[in-house]
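Please read the following remarks alongside the coordinates. They move from the whole chain to two local regions.

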Amino acid sequence: MKEDSCLHAALICLGMLCYSHAAATERLNHTRPSLHGHHEKGKEGQVLHRSKRGWVWNQFFVIEEYTGPDPVLVGRLHSDIDSGDGNIKYILSGEGAGIIFVIDDKSGNIHATKTLDREERAQYTLTAQAVDRNTNRPLEPPSEFIVKVQDINDNPPEFLHENYHANVPERSNVGTSVIQVTASDADDPTYGNSAKLVYSILEGQPYFSVEAQTGIIRTALPNMDREAKEEYHVVIQAKDMGGHMGGLSGTTKVTITLTDVNDNPPKFPQSVYQMSVSEAAVPGEEVGRVKAKDPDIGENGLVAYSIIDGDGMDMFEITTDYETQEGVVKLKKLLDYETKKSYSLKVEAANVHIDPKFISNGPFKDTVTVKISVEDADEPPVFLKPSYIFEVPENAASGTVVGKVHAKDPDAANSAIRYSIDRHTDLERYFSISAEDGNIKTIKALDREEMAWHNISVFAVEVHKQHQEAKVPVAIKVVDVNDNAPKFAAAYEAFVCENARSNQQFITISADDKDDSANGPRFIFSLPPEIIHNPNFTLRDNRDNTASVLVRREGFSRQKQDLYLLPIVISDGGHPPLSSTNTLTIRVCGCDSNGSLLSCNAEAYILNAGLSTGALIAILACIVILLVIVVLFVTLKRQKKEPLIVFEEEDVRENIITYDDEGGGEEDTEAFDIATLQNPDGINGFIPRKDIKPEYQYMPRPGLRPAPNSVDVDDFINTRIQEADNDPTAPPYDSIQIYGYEGRGSVAGSLSSLESATTDSDLDYDYLQNWGPRFKKLADLYGSKDTFDDDS
């Protein structure tokens, strides 16, 4: 605080000294004319009026940042007309008047009541005026003056950015410009050295330097390597007062990154790579990878791989994976372990982009040896040909050899091969193959006209390794033989007019042969030798596989003969030639004079001779009437058979009752009550019978059948009923109820005579003697008791 007070006091003294000097100068040079001025004569007799200035002042200065206890005296206004009696009043107006600057209206002293900051406002424009205190009449016209705020070094330099980022290529020469940093000082650059800045580097030596006046940062060391250190942190200081002692300062940080250049060639980490691949691998399959390391990045680190030498150049290829910068070795052709077991490649890795500035660091490439071993794989058999084509004549005898296929095991073991035909390709089983030697033979005769080609497939399987198999297509051509005689190309039917002229052609015929064109390119038409001199028709071969039929005589009559059958012999040109006799049907028709067909009906003449057209119509009408009568009679007869009352259709299956016993006693009175007539054992509601025919055969359970000599008929019948009810295979399969028991609860008891031989009867059957000869036998059996006793 003591030092600050002394500083402010010195500044105030300096300001007052400047003000006194300015006032004296103003007083000497500037005068204002008074109200009572005097006259002076010029050289030419003119009267000159010399003005006398009433104000005494100059430009005022105020030291900024004054923090003393009393207001700062800025200056004093004084007019020449001021006699000091207090009648003059000084008024101050303008920027900051009354707030920042106040004036003593009697003495004219101006004071600053607040601390001023030049960086906020460098000067103020004020207006001063002297008026009569009593009347407020202006005594002087108003005048402007400026109060300038005197700068002090109270602002440190500030950089435009707190942090800077810059790049510079590695290996740059010393003095290469990196970036320019700029700082600013809010102090007055026109007054003293408060705003004069000097730059210096605080951190970052010895790699970088900075120009003191411009703030440009430059490289200070040669051959800086990005691969050794990529990023640097530099601190730059800006100090005012020209860098002298007591000046204020500011700092900024600069992050400098070395950008990459291609100054490093690719390098393989090892001299030999070992790889292996199975002989079963397919072309395009990856074998292995190699990688040359390049510390450069981006396009400077891109590496391309190529095979430049080796015995495997034709079998392998290498591509570049630019994501991983690896060389990918791939199979180019199929391998065979039995032929060659290893390969050697010489692979080169070279940079894609080379910087000419660093060409002396080259060469920017490296080579490595890649050794590839082929692994043996269990391969399937291989046929000597990719496909086979054989020929066999049609109608060849069964067992004819068609051809032979051959396959071998490519493995070193050379296993035995077994052959078979894919039966999906020979469903009709025309061929067989010898499993040992691959000979294909016919099983049954072939017909070219049914199938000219047979396409089958043959399997070859290793004997000891059934999963290793190969398949080859075999095409068998059935060679044609002349086994089909030519025939008419169509079902010809010719017409000849009754008035036909001699040698008139009335039809042209052609032939067809199922055999190949080699066995029938030329057809020969002729008549059989026995009718070669046919009196009615003749034949002419047109020598173009057609023939024309001509009329030999004139005058045909439908009444005598309306139909002719003409045999024609057709021969082919095969070896040996075949022929067939075909019959041409020729009808005699009536034609007009122009030869147009009218009618071919031969019966028209016969009907005209006996019956007229009207008679024929009458006969047809009678036939129709008789048919109508028959239809009506049949219809009426069917209607009579229908019932007059149509009953509703109902299911009567459950109403069919079958009795297979001697009677039900009093219970027969309710024979139509189904619930009463049901099996008493089924009253509980469980009846296992189903009204459908079962799909399996029921076997009676052993033990349910009573002994043959059992005298308990009731148990016997119940057992059978239960057995029938539980047997789903026993008929009937509908709802017909069958009762196979005698019934229960009858007052008369059972009518059965099964027990009559062992029990005594109280009944008298003598009355049977009176019933006639038909009951004589019963009377003898069941007569009086005395009779039985006599017999015994």
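The numbered points below treat overall composition, one strand pairing and one residue environment.

1. This is a predicted model, in which local features need pLDDT of at least 70 and side-chain atom pairs count only at pLDDT 80 or more, whereas totals for chains, interfaces and linings use all residues. Residues are numbered from 1 along each chain as its sequence is written, and side-chain values use heavy atoms, with hydrogens and water left out.

2. The protein has 7 helices and 45 strands, these being DSSP runs numbered from the N terminus (helices H or I, at least four residues; strands E, at least two). Of its 792 residues, 33% are buried, meaning under 20% relative accessible area with a 1.4 Å probe and protein chains only. Among contacts (heavy atoms within 4.5 Å) with a separation of 6 or more, 66% are between residues 24 or more positions apart.

3. In a regular strand the side chains alternate between the two faces of the sheet. Strand β27 (residues 388-393) shows such alternation, with Tyr388, Phe390 and Val392 buried on one face, while Ile389, Glu391 and Pro393 point to the other and are not buried. Strands β27 and β34 (residues 469-479) run parallel and are joined by 6 bridges, where pairing requires that DSSP finds at least two bridges between two strands; Ile389 has Ala475 of β34 as its bridge partner.

4. Leu550, which lies in strand β40 (residues 546-551), is buried at a relative accessible area of 8%. Its C-alpha is 5.2 Å from that of Gln504, although the two are 46 residues apart in sequence. Leaving aside residues up to four places away in sequence, Leu550 touches several residues, including Gln504, Phe506, Phe537 and Arg540.

Key
Buried means under 20% relative accessible area, exposed over 50%, partly exposed in between (1.4 Å probe, protein chains only).
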